[in-house]
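I opened my notebook to look up how the pieces of this protein sit together. Here is what I wrote down, entry by entry.

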Amino acid sequence: MEIINIANSIYTNYLLRFDKDVVLVDCGNNISLEKVEKKLQKYNIALEDIKVVILTHVHADHVSYMEDLLNKISPKVVLGKEAVELLQKGEDQFYSFSSKGNRKLTYLAAKFRGGHPARWHAFDISKYNPIIVDKEDDTSLAEYGIKLVPLPGHTQDSIGFIVGKDFIVGDAIMNSIPAKHLIPLLIHNAEDFKNSYKKLIDANADKYYPGHGAPLSLDKLKENLDFAMQVEEL
Ligand SMILES: [Zn+2]
């Protein structure tokens with residue numbers, strides 16, 4: 001299995017290439033399906049090779065071409081429990097923040113956008129019969145050696161998964177500016193965030209793949225544990 005990032009280091013968009021099948025993680029930030037198709041061609045991957053789409057959580061920068069993709073192909077769709085309702089809303093929820101600076105930043109971003117939250121075309125994901133992850137170590141994707149886990153905190157629908165010695169974590173941690181100490185800008189529930197962070201460490205993976213920033217080691221997570229345990233919702 002090979003892990004490929006088809007986006008960039010600030011907004012990652014991973015795909016896992018198995019022998020024939022491809023598992024896509026999230027659906028990009030502000031990019032059309034046509035552009036994605038071109039990117040895939042570089043790796044000799046056709047849209048039809050995507051057999052699974054795992055949505056780590058519903059935020060605008062993770063769902064960009066999702067609806068268009070699902071209208072073209074019929075992969076298995078995997079997401080967290082509250083994702084169905086959130087996709088139907090069609091806009092980001094500004095929950096709580098991990099610092100006052102982050103609140104200001106998000107406010108400015110919204111202002112720049114025209115005074116509204118980040119949006120996408122709202123759609124009903126339930127018609128694609130998604131697999132809902134709401135228990136530990138979900139084995140719905142065992143055929144790929146994937147173990148799905150809920151990782152609530154950043155958002156309540158957040159999920160991640162372990163494959164081999166790798167842990168794909170969505171925004172449960174953030175490894176790029178303006179985030180500090182791996183703490184995401186938005187924290188919906190601080191207690192859940194802390195438990196998810198501990199879950200990541202307990203998994204003892206070799207490498208962690210965040211939704212934003214470069215992959216990182218278990219040591220880096222351990223180094224920042226104290227900061228993570230001090231997180232509050234603001
Ligand atoms: Zn997010």
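**Entry 1: a pair across two strands.** I started with F161 and found that it stands opposite I168 in β9. I am working from a predicted model, so I keep that in mind for every entry. Next I looked up the two strands around this pair: three bridges join β8 to β9, which covers residues 166–170, and the two run antiparallel.

**Entry 2: the turn.** How many residues lie between β8 and β9? I found two, and the strands form a hairpin. In the turn I also noted G164, which has a positive phi of about 60°.

**Entry 3: the other neighbour.** I then looked at strand β7, residues 146–150, and saw that five bridges join it to β8. This pairing is antiparallel as well. For a concrete pair, I wrote down P150, which stands opposite I159 in β8. A reminder to myself: strands of a sheet pair through backbone hydrogen bonds, either parallel or antiparallel.

**Entry 4: buried or exposed?** I wanted to know why strand β8 can be called largely enclosed by the rest of the structure. My cut-off for a buried residue is 20 or more other C-beta atoms within 10 Å of its own. Four of the five residues of β8 (159–163) are buried, so the strand is largely enclosed. For the protein as a whole, I noted that 39% of the 234 residues count as buried.

**Entry 5: a six-stranded sheet.** I moved on to an open sheet, where the order is β1-β2-β3-β4-β5-β6 and the pairing is mixed. Which strands stand at its edges? They are β1 (2–5) and β6 (131–133); each has a single partner strand, so one side of each is left without a neighbour in the sheet. From one strand to the next, the twist averages 20°.

**Entry 6: a parallel pair.** Here I checked strand β5, residues 76–80, and found that it pairs with β6 in the parallel sense over three bridges. One pair to find on screen is G80 with its bridge partner V133 in β6.

**Entry 7: stepping back.** I counted up the elements last: the protein has seven helices and ten strands. Its C-alpha trace spans about 45 × 45 × 30 Å along the principal axes. I compared the radius of gyration with the value for a compact globule of 234 residues, near 17 Å; the protein has 17 Å, so the two agree. Finally, among contacts with a separation of 6 or more, 69% come from residues 24 or more positions apart.

Methods
Residues numbered from 1 in each chain as written. Predicted model: local features only at pLDDT ≥ 70, side-chain atom pairs only at ≥ 80, totals over all residues. Buried ≥ 20, exposed ≤ 12 C-beta atoms within 10 Å, placed from the backbone. Pairing = 2+ DSSP bridges. Rg over C-alpha atoms; globule rule 2.2 N^0.38 Å. Contact = placed C-beta atoms within 7 Å. Axes fitted to C-alpha atoms, helices over the stretch in contact; angles between N-to-C directions.
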